[in-house]
Amino acid sequence: ETVRQMNKDGIIQLRVLPATGCEQFSKYLFDILNTFLKAETDGRVKAIRVEVYEHERNSASYGE
């Protein structure tokens with residue numbers, strides 16, 4: 001609750017993700033990034049792949 005209150009007070013910018021892990025995080029970023037790019041470029045630019053590295057032995061990618 002402290003963290004949620006800090007978010008409400010404008011001290012932090014809290015993001016609650018629907019799932020955790022490299023695989024889910026790469027999909028989440030792919031979707032968010034493409035929503036942003038579509039709006040900012042009138043649909044001219046899109047990401048085709050996002051790769052997330054947790055550490056040198058764990059990574060995941062998501063894309064077309």
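Student: Leaving aside neighbours within four places in sequence, which residues is S26 in contact with?
Tutor: Contact means heavy atoms within 4.5 Å. S26 sits in helix α2; helices (H or I, at least four residues) and strands (E, at least two) are DSSP runs, numbered from the N terminus. With those neighbours set aside, the partners of S26 are V50, V52, A60, S61 and Y62.

Student: What is the mean pLDDT of the protein?
Tutor: This is a predicted model, in which local features need pLDDT of at least 70 and side-chain atom pairs count only at pLDDT 80 or more, while totals for chains, interfaces and linings use all residues. Residues are numbered from 1 along each chain as its sequence is written, and side-chain values use heavy atoms, with hydrogens and water left out. pLDDT is the predictor's confidence in each residue, from 0 to 100. Here 100% of residues reach 70 or more, and the mean is 95.

Student: In which element is confidence lowest, and in which is it highest?
Tutor: The low end has a mean of 94, in strand β1 (residues 49-55). The high end reaches 97, in residues 2-8. In order, then: strand β1 and helix α1.

Student: Is S26 buried or exposed?
Tutor: Buried means under 20% relative accessible area, exposed over 50%, partly exposed in between (1.4 Å probe, protein chains only). The relative accessible area of S26 is 0%. S26 is therefore buried.

Student: Which residues make up the largest nonpolar core?
Tutor: A nonpolar core is a set of buried Ala, Val, Leu, Ile, Met, Phe, Trp, Tyr and Cys residues joined through side-chain atoms within 4.5 Å. This one has five residues in all: C22, F30, V50, V52 and A60.

Student: Which elements give two or more residues to this core?
Tutor: The core includes C22, F30, V50 and V52. The elements that pass the mark of two or more residues are α2 and β1.

Student: Not counting residues up to four places away in sequence, which residues does V52 touch?
Tutor: V52 belongs to the largest nonpolar core. Its partners include S26, which is buried. The full list is C22, F25, S26, L29, N58, S59 and A60.

Student: How many aromatic pairs does the structure hold, and which is stacked?
Tutor: Rings of Phe, Tyr and Trp (its six-membered ring) pair if their centres lie within 6.5 Å; planes under 30 degrees apart count as stacked, over 60 as edge-to-face and the rest as tilted. The structure holds two such pairs. One has its centres 6.4 Å apart and its planes at 15°, so the stacked pair is F25 and Y28.

Student: How many residues apart are F25 and Y28?
Tutor: F25 is partly exposed at 30% relative accessibility, and Y28 is partly exposed at 26%. Both lie in helix α2, about one helical turn apart, and the spacing in residues is three.

Student: Why is the pair F30 and Y62 described as it is?
Tutor: F30 is buried, at 9%, whereas Y62 is partly exposed, at 30%. F30 lies in helix α2 and Y62 in strand β2, so the pair ties together parts 32 residues apart in sequence. The ring centres are 5.2 Å apart and the planes stand at 70°, so the pair is edge-to-face.

Student: How many salt bridges are there?
Tutor: A salt bridge is a side-chain nitrogen of Lys or Arg within 4 Å of a carboxyl oxygen of Asp or Glu. One of them joins D31 and K27 at 2.8 Å, N to O. D31 and K27 both lie in helix α2, four residues apart. The total is three.

Student: How many residues apart are K46 and E64?
Tutor: Their side chains meet in a salt bridge at 3.0 Å, N to O. The pair links distant parts of the chain, from the loop between α2 and β1 to the segment after β2 (58-63); the separation is 18 residues.

Student: Where is phi of D42?
Tutor: D42 lies in the loop between α2 (22-41) and β1, and its side chain meets R44 in a salt bridge (3.9 Å, N to O). D42 is exposed, at 65%. Most residues other than glycine have a negative phi. D42 is not glycine, yet its phi is positive, near 55°.
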